[in-house]
Amino acid sequence: MPRSRERGWPWRIGIFVAFAALILVVWEGVKFVGGDPWRYFGWEWHPPLDIRYASDLNLPHVWEIVGALAAPVRRNADASLGQFLVGAAFHTWRAAAIGFVAGAVIGIGLAALFVHSRLLERSLVPYVIASQTIPIVALAPMIAFAFGRDVVSVVIIATYLTFFPVTIAMIRGLRSPDPRALELMRSYAAGRWSVFWKLRMPASLPYLFTALKISATASIVGAIVGEGPGGIPDGLGRAIINFNNQYISGPEKLWATIVACAALGIAFFSIIRLAEQFALRGRGAVPDAA
Amino acid sequence: MTEPNAPVVRISGVDKQFGVEGRGATTALSGIDLTIGRGEFVSLIGPSGCGKSTLLRLIGDLTAPTTGSIEVNGKTAHSARLGREYGIVFQAPVLFEWRSVEENVRLPLELLGMDRSERETRAHAMLELVELGEFTRHHAHQLSGGMQQRVAIARALALEPSIMLMDEPFGALDEMTRERMNSEVLRIWQRTGTTIVFVTHSIPEAVFLSTRVVVMSARPGRITEQIEVDLPHPRNEETREDPRYFRLVTQVREALRADGGPVRDVPAASEERVVAEGGIG
């Protein structure tokens, strides 16, 4: 029984492409009006205005960024920048995903404890919140120092950023069942264990997945930030630092790396969203765009 | 163990207060004595705040009395609950949205630890009983309000409870559906022979369904009158046009009015409650 007016895949892809084209037009339009001179195949164009942010250094041409992906990552290197970034993204994703899973487990566990014990909730939740006010850039070097310049410290930072949204959302989600649903379970003489697994946990899944989608992107950011102090040479974090240092000579490499970070975040987010659609199938709610 | 004619419910000297004594405590129920025999269909009716739902919840051990005793099948309400002797139906169906219709009906059987094949057979039989045999794989959001409530009834019947507690189960339904559901419940009651305690705002509903109507009044909630309904069975659309039916409706209405407080009309009052309770769960 169709309840929503969900349109098909072609429509959604069409909208996505149209919007990407719009961004491209605005981007290059600004450069055309106020960027550095365009010189292609003997053709020259001098933009009438001088917009500082539209210079080739601050806002490279889209095709320069795409071209940089195809060019060798270093002089005389076999691999292209694109290949290098795919490898780096996968490397970063591995640490982020491990941290993500660990953070989700910790978050669900904490929430389950809090929902069954007001005392624990009252005493520990302030620290859970306080933990998130510490800037991750301050924490990352300390974690790297304590746990060694190793992938472990990257995983810990990804965990640290994941567990918080999951904890907060799951406290809400595990308490979300209708009071009469709890009374119904009571009338069946169901124990805490059954109430948790047959009522609280399934009822909390929409809340859990909302948190997991936030955490998916947060864990990637955490892993990227953690790779610098963690001294991980192969991930996106190190690539950002390197290409930052080379920005004057080749800004498009950093831009390409940013695109790779964004693509990784979107990919991870999409995986969680697919899992969500599978886990919540059959329920009445109309799926969100996000 | 229990003698065949022993009452299913025996309530004696029950008071129920909410809040702490002396600090704004309200007395919900006062001096309740009520005995319900096996196979009876007893309706509790009264104005808002008369404690009829509280009385139902006391019988089901969803809340405990302040004083007095409640026995169900010769045991305390608490041990009857642990013995899974209740089937409960609320005003909202409270179906689990992640479970199909059949899986919802199977829920109490899973909690009982019944094995899989027996669970399936039982769930199917219950869904046939409420005439939803073709909808086993549907989910709640695909069914109408009346169908959802029939699933809730099938779920309540699944454990073959010795007593069914129904708290305004049709209060959220439109009048037509409500009358159909009334006939349905009577049919199920006659087929299963279970004892039913039924809370309602509706005088015609109470008279049509019950073997006895228990009239309550508010502040503090107490039983003011009990009216035997001797209309013949099976009851059907003709029953609703029987002069004796009208006389009983009038009798119940007067019993409610005798107590003072104005009786609010049914549909408005029950709609209000649906909104207050956040609609269908």
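Visitor: How many residues does the contact take from chain B and from chain A?
Guide: First, some reading help: residues are numbered from 1 along each chain as its sequence is written, while chains are lettered from A and ligands numbered from 1 in the order in which they are written. This is a predicted model, in which local features need pLDDT of at least 70, side-chain atom pairs count only at pLDDT 80 or more, and totals for chains, interfaces and linings use all residues. Two residues are in contact if their C-beta atoms, placed from the backbone, lie within 7 Å. On that basis, the contact takes 20 residues from chain B and 17 residues from chain A.

Visitor: Which element gives the largest share of the side of chain B that touches chain A?
Guide: Helices (H or I, at least four residues) and strands (E, at least two) are DSSP runs, numbered from the N terminus. At least two residues of this side come from each of helix H2 (77-82), strand E6 (86-89) and helix H3 (101-112) of chain B. The largest share is 3 residues, and its source is H3(B).

Visitor: How do the residues of that side of chain B divide into nonpolar, polar and charged?
Guide: Ala, Val, Leu, Ile, Met, Phe, Trp, Tyr, Cys and Pro count as nonpolar, Asp, Glu, Lys and Arg as charged, and the others, Gly among them, as polar. Sorted this way, the side of chain B that touches chain A has 12 nonpolar, 5 polar and 3 charged.

Visitor: How do H6(A) and H8(A) run relative to each other?
Guide: Axes are lines fitted to C-alpha atoms, for helices over the stretch in contact, and angles run from 0 to 180 degrees between N-to-C directions. The axes of helix H6 (residues 151-174) and helix H8 (residues 192-230) of chain A come within 7 Å and cross at roughly 160°. Angles under 35 degrees count as roughly parallel, over 145 as roughly antiparallel, 65 to 115 as roughly perpendicular and the rest as oblique. H6(A) and H8(A) are therefore roughly antiparallel.

Visitor: Which strands stand at the edges of the open sheet in chain B?
Guide: Two strands pair if DSSP finds at least two bridges between them. The open sheet has 6 strands in the order E6-E7-E8-E3-E9-E10 (chain B), with mixed pairing. One side of each edge strand is left without a neighbour in the sheet, because each has a single partner strand; these edges are E6 and E10 of chain B.

Visitor: Which residue of E9(B) is the bridge partner of B:Ser43?
Guide: Strand E3 (residues 41-45) and strand E9 (residues 212-217) of chain B run parallel, joined by 4 bridges. The partner of B:Ser43 in E9(B) is B:Val213.

Visitor: Is A:Ala189 buried or exposed?
Guide: A:Ala189 lies in the loop between helix H7 (179-187) and H8 of chain A, and has a positive phi of about 55° although it is not a glycine. A residue is buried if 20 or more other C-beta atoms lie within 10 Å of its own, exposed if 12 or fewer, and partly exposed in between, with C-beta atoms placed from the backbone. A:Ala189 has 20 C-beta neighbours inside 10 Å, so it counts as buried.

Visitor: What is omega for the peptide bond that joins B:Arg219 and B:Pro220?
Guide: Most peptide bonds are trans. B:Pro220 is found in the loop between E9 and E10 of chain B. The bond from B:Arg219 to B:Pro220 is cis, and its omega is about -10°.
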